[in-house]
Each structure stands twice: as structure tokens, then as C-alpha cells.
Amino acid sequence: RGEEHPLRVGELRPGATPAIDLEKHTNGQDADDVPGVYIPTGDPVLWTYNVTNTGNVTLTHVTLTDDNGTPADPADDYVCVIGTLAADAVDDTTCGQSGTAMAGQYTNTGSVTGTPPGGLPDPSDSDPSAYFGASPGLDLEKHTNGQDADAEPGPYIPVGDPLQRTYAVTNTGNVTLTNVTVTDDVLGAICTLATLAPEATRTCTAEGTATAGQYANLGSVTGRPPGELSNVTDSDAGHYYGAAPAIDLEKHINGQDADDVSGVCKTTGDPVLWTYTVTNTGNV
């Protein structure tokens, strides 16, 4: 009586609570929810696994399994054996995977199990991780009075006639862009679009009046993709020629500019020579 009896092999003291925790990261981020981390398509992807024995007994046969994004196909699962993990111990170096980002949404789930002593139920945990393979892109098409005038001279527009420049912006990528800003190297700020969804096109306009001679300007667009991705840009040139066509005729009789009725006095029978001087007084 009053004496403590030693535990036999395989026995556990009362209060044994086996437990395990898995934290899975994608490129260093705890991306449990979609879309997760935005990663440029084709860039490296690194999955890391932090396994913690959160119970108060040592676990053996600790094994991590990842479904590799195909939960219905166990044949391609990633399996990593950690082995023994003491109570409160953390393993964050044994398991890891690397790959290349595919376009679009990707999600996979890691799971971990361990075996406690004494026939207690095996604890387990799982953690999903997601990334979005991003291919952001923008296209700008600038037209002058409806013409795609990339090269000189562009459309010929009478001097003083109305001028309309249109800037068609298309999101050619697979992620929504924000703060899409269109500028012109001559006209300055044209417009700003709060958001532009993939495959969407929006058009901004600038009005003016044609001036004489060759005219060129360059439109540019910049958009901000989500996450930490770099901004995307595009540019497109526009041209027109401000035309002022004109012509002048000077007619002479025997070398004289005989505009008036009196004209040139000649003796009947003398030779007469009419000359016509035609001058292009315009700019085309």
C-alpha cells in the first residue's frame, strides 16, 4: 500500500494524448485557400512540410503522403517516411517536393500519420495548399479615325477635320488585372480601368482636330496582376497625315499674264503661244 508500481512494457500512464500537426507551404506561403500563391507559369514551385508531434508521447512510423493534385489516383502520390518523432518535436527538413508551375488553378493536399505506443489510435492530420499558375498579359491596339495606323503616313485627314483616337485594351492573360492605365506620349493620361478580367476588352477614346503634316504618337498601357507578380505592359503607335491639298494654275499668252479682258495686243496673223504653269501649293 502507498507504493508506486513500475509500468510494464507497452503500458502507458493515464492521460496519454497522441496528436500530430501538419503545416504545408507553397513557396514559403501557407496557402490553404484557393487561389493560393500566384506563381508565374513555368516558374519553380517548392512544397515544404512542417510536421509537429503535438501530443505527449513519442510517435513511430511517422509517414507523410501528398496526393500530388490527383486525390483519385494514389499511384502518383508522394510518400515520405519521417520515422520516429518525440513529443513536441518538429520535423521540417525530411520531406519536400519541387516542381514547375502549370497554368491555372492547382491544389494538392498533404497528410501525415504516426503510431503511438500501447495500441492507441493513430493520430493524423492533413493540410491543403494551392497556387495559381499565372500568365498575365496585355494588348493595346491604337486606331486613328478607325484605322490601325502603326506606320507612317497613316490615314490622310484634312487639316481641321475631327480626329478620334481609340485605345482598345485586352487582357490576354489568365488573371484579373487592376489599375489598368492608358497613357499617350503626346496627349498624356487617357484613362484608368479599375479592373480588367481575362479575355475582356475595354476601349478608351481621345478627341482632337487634325493639324498639318505628319503626326505620330505612342499609346501605352500598364496593368497590375494579383499577388507579387510584376506589372504587365504593352504599347502601340499611331499616325496620321494632316492633309492640305491645293493647286495653282498660271496661264500666260506670249509670256504675259493676261488675266484681264484687254489681254495682249497682237497684229492679226502673228503667232500666239499659250503656256500653263501648274504648281502644287499643298502638302501632299
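This report covers a surface patch and one lysine in a predicted model.

Local features need pLDDT of at least 70, side-chain atom pairs count only at pLDDT 80 or more, and totals for chains, interfaces and linings use all residues. Residues are numbered from 1 along each chain as its sequence is written, and side-chain values use heavy atoms, leaving out hydrogens and water.

**The nonpolar patch**

I247, L249, V272, W274, Y276 and V278 make up a nonpolar surface patch. Together they have about 670 Å² of accessible area (Shrake-Rupley method, 1.4 Å probe, only the protein chains shown counting as cover for residues). Patch residues have over 30% relative accessible area and no salt bridge, with nonpolar side chains joined within 5 Å. A salt bridge here is a Lys or Arg side-chain nitrogen within 4 Å of an Asp or Glu carboxyl oxygen. β18 (247–253) and β19 (274–280) each give at least two residues. The largest share, 3 residues, is from β19. Strands are DSSP runs of E, at least two residues, numbered from the N terminus.

**Two residues, buried or exposed**

Buried means under 20% relative accessible area, and exposed over 50%.

| Residue | Strand | Relative accessible area |
|---|---|---|
| L249 | β18 | 51%, exposed |
| K24 | β1 (residues 20–26) | 0%, buried |

**Around K24**

K24 touches several residues beyond four places in sequence, including W47, Y49, N108 and D127. Contact means heavy atoms within 4.5 Å. D66 is also among them. The K24 and D66 side chains make a polar contact at 2.7 Å (N or O atoms within 3.5 Å, one able to donate a hydrogen and the other to accept it). The C-alpha atoms of K24 and A243 are 67 Å apart, with their positions 219 residues apart along the chain.

Notes. Patches are made of residues with over 30% relative accessible area and no salt bridge: like charges are joined within 9 Å, nonpolar side chains (Val, Leu, Ile, Met, Phe, Trp, Tyr) within 5 Å. Helices (H or I, at least four residues) and strands (E, at least two) are DSSP runs, numbered from the N terminus. Buried means under 20% relative accessible area, exposed over 50%, partly exposed in between (1.4 Å probe, protein chains only).
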